[in-house]
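Visitor: I'm new here and the picture is a lot to take in. Could you walk me through it and tell me how the labels are earned?

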Amino acid sequence: MRVKDWLKERFPIDYAKFIEINENIFIKEPIPNHLKKWYYCTGATPLILFAIQVVTGILLTFYFIPSPEMAYESVRHITEEVTLGFWIRGVHRWGSNLMIITLLLHIVRVFFTGAYRKPREINWMVGVVLFFLTLALSFTGYSLTYNQLSYWATTVGTNMINEVPVIGHWLLVFLRGGEEVTANTLTRFFTIHVGFLPPLIVLVMAVHIIILRIHGVSEPEGYEKGHYPFYPLHFYKIIIVFLFVLCLLSTLTILLPPGLGEAANPAVTPSHIKPEWYFFPTYRFLKLVPLNVGIGGTALFIIGMMFWPFIEPFLSRDISKRTKISFIVASLVIILTLGFSIWETVVL
Amino acid sequence: MDTMKGQQWLIGIFSTLLIVILMILAGVEMKKTRHDKPEIEIDKTTAQCINCHERKGIAVKQTGAWKESEHAVMGIGCNECHQAEEGEFDAQKCPESDFLIARHPTPKDCEECHAQEVKEFAESKHAHQFWLLKNADRAIFENPISTRHGCEQCHQIANIWPDGSVGECDACHAKHSFSKAVARQPETCGECHVGPDHPHLEIYIESKHGNIFAAQGHNWDMGYATTNNEEIPNEVPVCTTCHMDGNETQPMTHNVSDRLAWESQMTWSFRTVWNEEESGDWQVKRGRMQAICKSCHAPDFVETYLLTADLVNLQYNEIRREIVRWTKKMTASGIIDRLEADGKFYSSPVLNGWDEEPEHDMYNAWHHEGRRFRHGAEMMGADFTQWHGIWEVQDDLNSIIKYAAEHGDKEAQKWVDSNHPSKFATYSLYDIPGSAWGISVKVNTTPFVYNNYPDYWDRIYANVEAAYQRGLLSKPQWEHWLERYENKDHYLGLKYKADSTFNYFKERNDIDFEKMDEQVIQFKLPGKPFYEK
């Protein structure tokens, strides 16, 4: 008996229907012509990177031990002793960096093409949620290496949560598992990083893609109208992007492998505490203004970004004027983001 | 430009900027993760000092050492230690700026941040002024310029500064790195604890501790922090591990006297009373040391080893008692004279003297050989207890008695004329059945005193009991000794035979001697010698 028939007996579903659905959803998915341009693939790249993170992350958990005594040592073991451990760890670390960069590129592309506008406001908001979930994933992941830099970045990072009005202290104690960064914090961050955030991201990502599919990819003006099927052209394009990303991650891991740093020492506060580079804009902003202003300003920025599709219509009735204001605001935000990031990198 | 073009330009420009800038930032930050060394921030004043020192080439390496220090990491710059007030003893105007700087930061300066360490140090014998209190007599033998870079260099560790503070922190914590790893290195202690008078570094090198450290120590982190009652991170101790660092039960201390039970550097070994009000009596101090030993060793080993070392100290006293009896007697009878000027004596029949042989022997039997004998026993330096220790001390005593005989002392002459093998034990003895190392068959069948004095162990019992009653041994030590005494056939290995093993080596030995006799002793060259009467 052929395998196909054997399976049909065990799963007596309408295969013709199944193939039809598959063809409609994936194989023949109509891809707008403008996606033939490479730089319109920025949505799929974070997805590819997320998949790489899941695979490398699972491999890392084979050896990682989330306890204050063993965390640093197990990261050292992975990096120095486990076969190809340095590569897996390097790809995972660089993967998180590239995921944030590609998300920023995606956000820039979506924003300047006005793809957040009616009727796609909700999907913009879902995307913003995904961006902040990715930042949370990076923050919790960074803390797990348990070196002096990551330990103190975790301490300072969670300290900021304390400033959130009303629930701040409760949230801080909940995240840390107590008043201080201890073994409890490490196990919580590990659980959040491995067991909570990734499935949540998968769910939100599914919502993001479903909404995208329902509306179809928004088509910027100036391109030849029309569509082509997902398979084979776009499918192979994604495979090429995947291979390119993997090569890039490998190259970066070889040229700039992540180090181990100094083992965390809760008794010694370093004179310079810094978060990971993607928090530099916020960190620099917080240094420039009083703490409560900084926290309030950051919260306002997040709310503004989240609800921009609904805020924008209030700015002007004239659509081209509205676009101009949006472009100016976005340009300022990007320039400030880059400026603050460079500033924080070059100063001690 | 239409909207579409504008869009494309903005997306292109910002995407390129984001990729280029953020990839560079990510790369820079990733590179930083491989730096084990934390970054340091140099304040403006410190930067001014460093720039000028580097430009003028003055003590440039010291600024480099500072950059490697924890001080630099913590933001402690030049001024924090070197700031001075007008009128202070070491205030000096910097010739290149308007800074008033302190030439000699003292423990008073260190105390501002390291109050506990400075206090502990000041309560230790490292800070004690004994070398000044007892220096006048010795200073006649060594001229001042020679002691500048001699005695004074080491005893600077107890320097009394014009500001009233005592000590020299950088004697161990080399300036300006103030590295814990350097301070812990046995050679740092060995800058002073070396040589004929207290060869502690050499004793350590000879010990199993030192041997393992020499083989493996280069892989160890010697800069570890020793707070919070944590385990000793390394396989064997260095000097500081036992005398200063903490372990699971002991806090770390800069009071090196806190774990010492003897004043075994003195002319006589006596139980320490140093800083008793703060540190407790000698038993408390011994308890601290044992708590360190027991991080690695079994309690029975520790107790037996230290009790044996204690009995060596007590034995030293008995030999010393005999030496002093002879020098006193010779002084009283005029065989030797004390040094004297203006009614003040500069030598002592119980301590030292320089111009007559017995005085010199008496000094060496304490200050050099007597210390080696005792300290070797305390720190596993067998050769220092034996050949550099008791052998020399015994020889000193013999020389003193012979000198007395040569100068007409009848009692001494009687000793010289005696042929009895027990003539070298003119003093009372201490002993312990067996050793900490294990049970040794046959070893205890050889000593003359074991074989010729049936009451040997009764005499030893009485002496050890007397020492215990005098407070020189603790109750647990006495009980530990008694347990060995009551089972001495076991501990001395007397009830075990192992004759076949022993006889094998005896036969090999007989062959060796036979061959030595045949090859060399019975060999006579035919050519005549050149010198003839």
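Guide: Sure, and let's start with a term: two residues are in contact if their C-beta atoms, placed from the backbone, lie within 7 Å. Keep in mind that this is a predicted model. In chain B, among contacts with a separation of 6 or more, 62% join residues 24 or more positions apart.

Visitor: What else makes up chain B, in helices and strands?

Guide: Chain B has 27 helices and 6 strands. Of its 533 residues, 32% are buried.

Visitor: Why is Val128(A) called partly exposed?

Guide: Count the neighbours: Val128(A) has 17 other C-beta atoms within 10 Å. Buried takes 20 or more and exposed takes 12 or fewer, so with 17 Val128(A) counts as partly exposed. You'll find Val128(A) in helix H6 of chain A, residues 121-143.

Visitor: Which residues does Val128(A) touch, leaving out those up to four places away in sequence?

Guide: Met305(A) and Met306(A). Val128(A) and Met306(A) are 178 residues apart in sequence, yet their C-alpha atoms are 6.0 Å apart in space.

Visitor: How do you know that H11(A) and H12(A) meet, and which residues do it?

Guide: On the H11(A) side there are Thr282(A), Phe285(A) and Leu286(A), which meet Leu291(A), Gly294(A), Gly297(A) and Thr298(A) in H12(A). By class that contact has 3 nonpolar, 4 polar and no charged residues; Gly counts as polar here. The two helices pack at about 145 degrees, with axes 7 Å apart, and the crossing is right-handed.

Visitor: How many residues does each chain bring to the contact between chain A and chain B?

Guide: Chain A brings 31 residues and chain B brings 31 residues. On the chain A side, H14(A) gives the most, with 8 residues. By class, that side has 17 nonpolar, 11 polar and 3 charged residues.

Visitor: What makes something a nonpolar core?

Guide: The residues must be buried, of nonpolar kinds such as Leu, Ile and Val, and joined through C-beta atoms within 7 Å. The largest such core has 61 residues, and those with the most contacts inside it include Leu98(A), Ile101(A) and Leu18(B). H5(A) gives the most to this core, with 14 residues.

Visitor: Why do you say this core lies between two domains?

Guide: Because domain 1 (33-274) and domain 2 (276-348) of chain A both give residues to this core, it lies between them. Apart from it there is another core, of 34 residues, with Leu306(B) and Trp481(B) among them.

How values were computed: Residues numbered from 1 in each chain as written. Chains lettered and ligands numbered in written order. Predicted model: local features only at pLDDT ≥ 70, side-chain atom pairs only at ≥ 80, totals over all residues. Helix = DSSP H or I, 4+ residues; strand = E, 2+ residues; numbered from the N terminus. Axes fitted to C-alpha atoms, helices over the stretch in contact; angles between N-to-C directions. Left-handed = near helix turned anticlockwise from the far one by under 90°. Domains from an automatic or database assignment.
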